[in-house]
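Subject: Handover of a structure, with notes on helix packing and a cavity

Dear colleague,

I am passing the structure below on to you, together with an account of what was found in it. Please read the notes alongside the coordinates.

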Amino acid sequence: MPRLAVTRLFALAAAMALWACLPARADDSAGTLQAEQVLSAFHTVVFIPEGAPSDGSLRADGTVPLFRWTEEIRWGFDAPPGDPGDEAALRRFADAAGRIAGLPTPYSTDPLEGGSRFFLAPRDQMARLPFGGGRACVGSMGTLAEGPNIGAPLSIGIVDQALPTDHRRHCLAEHFAQSLGLSGASLIRMPLIRGGATPELTPLGALLLKVLYDPRLRPGMTDAEAMPIVRAIIAEMDL
């Protein structure tokens with residue numbers, strides 16, 4: 001399928017909530033993780049959105065329903081010719097996340113299939129986007145507004161291609177983590193992504209993803225419904 005302009009792809013998606021990524025930070029997640037720490041972190045990154053959703057999913061208490069993929073983690077990457085290894089780094093991140101979540105991670109070239117789409121865009125195009133305030137990294141989550149899979153979840157992450165390599169790949173990986181359901185990933189004090197040329201989940205990020213994809217949790221659960229189950233899941237783990 002021909003490449004779609006970034007603005008065109010956003011037009012295909014309805015009710016999208018924006019998020020931004022932060023620059024790579026030092027990995028301060030080393031050491032023993034305590035159960036209450038993991039429980040609090042899970043609530044923050046899963047139920048507290050970074051941006052206010054426009055689809056009415058934000059509840060009066062400031063939380064959103066749990067989101068996670070259920071059958072597969074479909075994703076794709078669109079970059080200018082001469083991609084300097086970014087797609088390979090993202091593939092490694094996707095493969096690792098899929099192993100933790102226990103779901104396949106098929107690569108798709110068709111944005112109308114839904115799933116997660118990641119883009120590198122020129123800086124001047126980032127500045128002209130009608131969203132994101134000209135930030136170097138911007139992402140969102142919504143649903144397809146047209147096509148054969150109308151209503152299917154669609155996550156989009158757009159990153160300024162002019163960013164330094166480590167920062168650019170950190171942003172791509174962070175958007176990927178957010179698209180998996182860890183939507184408040186850049187808010188938490190302990191980073192979920194270890195930066196570098198080959199970004200990866202920190203121990204805490206991997207643990208939260210494993211909890212989120214436990215089959216006892218279902219998309220659409222409120223925090224009140226999910227957190228007692230999350231507490232039980234964490235209690236079963238050898239932290």
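To begin with the helix packing in this predicted model, helix 2 (residues 35-47) packs with helix 6 (residues 203-212) at an angle of about 75°, and their axes lie 10 Å apart. Because angles of 65 to 115 degrees count as roughly perpendicular, helix 2 is roughly perpendicular to helix 6. On the side of helix 2 the contact is made by Val38, Ala41, Phe42, Val45 and Val46, and on the side of helix 6 by Leu204, Leu207, Leu208, Val211 and Leu212. Sorted by class, this contact has ten nonpolar residues, with no polar and no charged ones.

Helix 2 also packs with helix 7 (residues 223-235), here at an angle of about 145° and with the axes 10 Å apart, and the crossing of these two helices is right-handed. From helix 2, the residues Ala35, Glu36, Val38, Leu39, Phe42, His43 and Phe47 meet Asp223, Ala226, Met227, Val230, Arg231 and Ile234 of helix 7. By class, the residues of this contact divide into nine nonpolar, one polar and three charged. Val38 and Phe42 appear in the contact with helix 6 and again in the contact with helix 7.

A further pair is formed by helix 3 and helix 5, whose axes come within 10 Å and cross at roughly 35°, with helix 3 passing helix 5 in a right-handed crossing. In this pair Asp86, Ala89, Leu90, Phe93 and Ala94 of helix 3 meet Arg168, Arg169, Leu172, Ala173, Phe176 and Ala177 of helix 5, and the contact has eight nonpolar, no polar and three charged residues.

Which residues line the largest cavity? The structure holds one cavity of 30 Å³ or more, and about 30 Å³ of space lies in the largest cavity. Its lining consists of Asp86, Ala89, Leu90, Phe93, Arg169, Leu172, Ala173 and Pro199, and the elements that give two or more residues to this lining are helix 3 (86-101) and helix 5 (165-179). Helix 3 gives the most, with four residues, and by class the lining divides into six nonpolar, no polar and two charged residues. Among the lining residues, Asp86, Ala89, Leu90 and Phe93 also take part on the helix 3 side of the contact with helix 5, while Arg169, Leu172 and Ala173 take part on the helix 5 side.

With kind regards

Technical notes:
Residues are numbered from 1 along each chain as its sequence is written. This is a predicted model: local features need pLDDT of at least 70, side-chain atom pairs count only at pLDDT 80 or more; totals for chains, interfaces and linings use all residues. Side-chain values use heavy atoms; hydrogens and water are left out. Axes are lines fitted to C-alpha atoms, for helices over the stretch in contact, and angles run from 0 to 180 degrees between N-to-C directions. Angles under 35 degrees count as roughly parallel, over 145 as roughly antiparallel, 65 to 115 as roughly perpendicular and the rest as oblique. Contact means heavy atoms within 4.5 Å. Ala, Val, Leu, Ile, Met, Phe, Trp, Tyr, Cys and Pro count as nonpolar, Asp, Glu, Lys and Arg as charged, and the others, Gly among them, as polar. On a 1 Å grid over the protein atoms alone, a cavity is a set of points where a 1.4 Å probe fits but cannot get out, and a pocket is an open set with protein on both sides within 12 Å along at least five of seven lines; lining residues have an atom within 4 Å of a point. Grid points are joined across faces, edges and corners, and a volume is the space filled by probe spheres set on the points. A crossing is left-handed if the near helix is turned anticlockwise from the far one by less than a right angle, and right-handed if clockwise.
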